[in-house]
Amino acid sequence: MRRVMLKKFDKSAGKFGAYVDDVAATFHQFGATYQEFESGPGNYTVGIIELADGTVQEFALNMFRFLEPIGAGKA
């Protein structure tokens, strides 16, 4: 499992607001979900992430970033 940094939208950051780092969490795996539209479902990929309190949530891919590259720290 890899550490990630979750992002949140900060309205006070600049003229239009910006996404800023929020809290570190643990990435488990990618998942798939959908949103229903009039013309049918729209499928998209999410990250399944465990928060510090032990809860597990889905996050859109643009709402987190990995903190270290794959294999970092392994010799």
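Is Thr-33 buried or exposed? Keep that residue in mind while we walk through the fold, and remember that you're looking at a predicted model.

Let's start with the sheet. Five strands make it up, and it is an open one, with the strands in the order 4-3-2-1-5 and antiparallel pairing. Strand 4 (56-60) and strand 5 (64-66) are the edge strands; each has a single partner, so one side of each has no neighbour in the sheet. Going from one strand to the next, the twist averages 50 degrees.

Now zoom in on strands 2 and 3. Strand 2 covers residues 18-37 and strand 3 covers residues 40-50, and the two pair in the antiparallel sense over eleven bridges. To get your bearings there, find Phe-30, which stands opposite Gly-47 in strand 3.

Back to Thr-33, which belongs to strand 2. Its relative accessible area is 18%, and because buried means under 20%, Thr-33 counts as buried. What is Thr-33 in contact with, once its neighbours within four places in sequence are left aside? The list is Gly-42, Asn-43, Tyr-44, Val-46 and Glu-58. Gly-42, Asn-43, Tyr-44 and Val-46 fall in the range of strand 3, residues 40-50, while Glu-58 falls in that of strand 4 (56-60). For a sense of distance, try Gly-14: it is 19 residues from Thr-33 along the chain, and the C-alpha atoms of the two are separated by 32 Å.

Next, the charges. How many salt bridges does a search of the whole structure find? The search finds one. Arg-65 and Asp-21 form it, with 2.8 Å between the closest N and O atoms. Arg-65 sits in strand 5 and Asp-21 in strand 2, so this pair ties together parts that lie 44 residues apart in sequence. As for solvent, Arg-65 is partly exposed at 34% relative accessibility, and Asp-21 is partly exposed too, at 41%.

On to the aromatic rings, where a search of the whole structure turns up five pairs. One of them is Phe-27 with Phe-30: the ring centres are 4.9 Å apart and the planes stand at 65 degrees, so the pair counts as edge-to-face. Phe-27 is buried, at 8% relative accessibility, whereas Phe-30 is partly exposed, with a relative accessible area of 47%. Phe-27 also pairs with Phe-64, this time in a tilted arrangement, 5.9 Å from centre to centre and with 35 degrees between the planes. That second pair links distant parts of the chain, since Phe-27 is in strand 2 and Phe-64 is in strand 5, 37 residues apart. Like Phe-27, Phe-64 is buried, with a relative accessible area of 7%.

Step back a little and you'll see that Phe-27, Phe-30 and Phe-64 join Phe-66 in one aromatic cluster. Phe-66 has a charged visitor as well: the charged end of Arg-2 sits over the Phe-66 ring, 4.1 Å from the ring centre.

Definitions and conventions. Residues are numbered from 1 along each chain as its sequence is written. This is a predicted model: local features need pLDDT of at least 70, side-chain atom pairs count only at pLDDT 80 or more; totals for chains, interfaces and linings use all residues. Side-chain values use heavy atoms; hydrogens and water are left out. Two strands pair if DSSP finds at least two bridges between them. Helices (H or I, at least four residues) and strands (E, at least two) are DSSP runs, numbered from the N terminus. Axes are lines fitted to C-alpha atoms, for helices over the stretch in contact, and angles run from 0 to 180 degrees between N-to-C directions. Buried means under 20% relative accessible area, exposed over 50%, partly exposed in between (1.4 Å probe, protein chains only). Contact means heavy atoms within 4.5 Å. A salt bridge is a side-chain nitrogen of Lys or Arg within 4 Å of a carboxyl oxygen of Asp or Glu. Rings of Phe, Tyr and Trp (its six-membered ring) pair if their centres lie within 6.5 Å; planes under 30 degrees apart count as stacked, over 60 as edge-to-face and the rest as tilted. A charge sits over a ring if NZ of Lys or CZ of Arg is within 6 Å of the ring centre and within 35 degrees of the ring normal.
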